[in-house]
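Could you walk me through this structure in the viewer, one selection at a time? I would like to know what to pick next and what I will find there.

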Amino acid sequence: MYLTWNASVGLVAGLISIAFSKMILDWLQSHTHLPFYDVTFMGQADQAQRQFDAGNIWVHHLIFVLLWYVLILAVSALIFNRKELEL
């Protein structure tokens, strides 16, 4: 959004990146055997859901998801502290 100063372009770019990020990270993880997707916010949320459905201990995945959420909020607050977008 700050590159073009256009909210609609930023929204489209965000939606496209969200749509393809899981697919790209899954592909990278399966071809390199490194946990690219597993350490992301959605990867940990998926693992917590699978562990919960299986009846296993899933609390450590949930804590990791909450830490990611707090980190994302903190970084967003720092970045957008004094910036405004013209809509």
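The tour below starts with the whole chain and then moves from one selection to the next.

**The whole chain**

Keep in mind from the start that this is a predicted model. Begin with a cartoon view: you will find three helices and no strands, so to speak an α-α-α run when read from the N terminus. Now switch to a surface. The accessible surface of the chain is about 7100 Å², and carbon and sulfur atoms hold 72% of it. Of the 87 residues in the chain, 11% are buried. For a view of how the chain contacts itself, take the contacts with a separation of 6 or more: 35% of them join residues 24 or more positions apart.

**The end of H1 and the loop after it**

Select glutamine 29, which sits in helix H1. A polar atom of its side chain lies 3.5 Å from the backbone nitrogen of phenylalanine 36. Show the surroundings of glutamine 29 as well: leaving aside neighbours within four places in sequence, its contacts are Leu34, Pro35, Phe36, Tyr37 and Asp38.

Next, pick histidine 33, in the loop between H1 and H2. What is the sign of phi at histidine 33? Phi is positive here, near 60 degrees, in a residue other than glycine. Histidine 33 has a relative accessible area of 70%, so it counts as exposed.

Stay in the loop and move on to threonine 40, which lies between helix H1 (7–32) and helix H2 (41–54). Show its side chain and draw two distances. One goes to the backbone oxygen of tyrosine 37, at 2.7 Å. The other goes to the backbone nitrogen of glycine 43, at 3.1 Å. Not counting residues up to four places away in sequence, threonine 40 touches Leu25 and Trp68.

**H2 against H3**

Now colour H2 and H3 and turn the view until both axes are visible. Two packed helices are described by the angle between their axes and the distance between the axes. The axes of H2 and H3 come within 8 Å and cross at roughly 155 degrees. Because the cut-off for roughly antiparallel is an angle over 145 degrees, H2 is roughly antiparallel to H3. The crossing of the two helices is left-handed. To see the contact itself, select Phe41, Gln44, Ala45, Gln47, Ala48 and Gln51 on H2, together with His61, Leu62, Phe64, Val65, Trp68 and Tyr69 on H3.

**Two residues in that contact**

Zoom in on glutamine 47, in helix H2. Is glutamine 47 buried or exposed? Its relative accessibility is 16%, and since buried means under 20%, glutamine 47 counts as buried. Leaving aside neighbours within four places in sequence, glutamine 47 is in contact with Asp38 and His61. For a distance across the helices, join the C-alpha atoms of glutamine 47 and leucine 62: they are 8.9 Å apart, with their positions 15 residues apart in sequence.

From there, step over to histidine 61 in helix H3. With a relative accessible area of 9%, histidine 61 is buried. Its contacts, with neighbours within four places in sequence left aside, are Gln44, Gln47, Ala48 and Gln51. You can also draw a line from the C-alpha atom of histidine 61 to that of glycine 43, 18 residues away in sequence, and read 9.5 Å.

**The loop between H2 and H3**

Select tryptophan 58, in the loop between H2 and H3. Tryptophan 58 has a relative accessible area of 28%, so it is partly exposed. Leaving aside neighbours within four places in sequence, tryptophan 58 is in contact with Ala48, Gln51 and Phe52. Its C-alpha atom is 9.9 Å from that of alanine 45, which is 13 residues away in sequence.

**Last stop: leucine 67**

Finish in helix H3 (residues 59–79) by selecting leucine 67. Which is it, buried or exposed? Leucine 67 is exposed, with a relative accessible area of 56%. Draw one more distance, to phenylalanine 41: the C-alpha atoms of these two residues are 9.1 Å apart, and the residues are 26 positions apart along the chain.

Notes:
Residues numbered from 1 in each chain as written. Predicted model: local features only at pLDDT ≥ 70, side-chain atom pairs only at ≥ 80, totals over all residues. Heavy atoms only, no water. Helix = DSSP H or I, 4+ residues; strand = E, 2+ residues; numbered from the N terminus. Polar contact = N/O pair within 3.5 Å; in protein donor to acceptor, adjacent residues only side chain to side chain. Contact = heavy atoms within 4.5 Å. Buried < 20%, exposed > 50% of the residue type's maximum accessible area, 1.4 Å probe, protein only. Areas by Shrake-Rupley, 256 points an atom, 1.4 Å probe, with all protein chains shown as cover. Axes fitted to C-alpha atoms, helices over the stretch in contact; angles between N-to-C directions. Parallel < 35°, antiparallel > 145°, perpendicular 65-115°, else oblique. Left-handed = near helix turned anticlockwise from the far one by under 90°.
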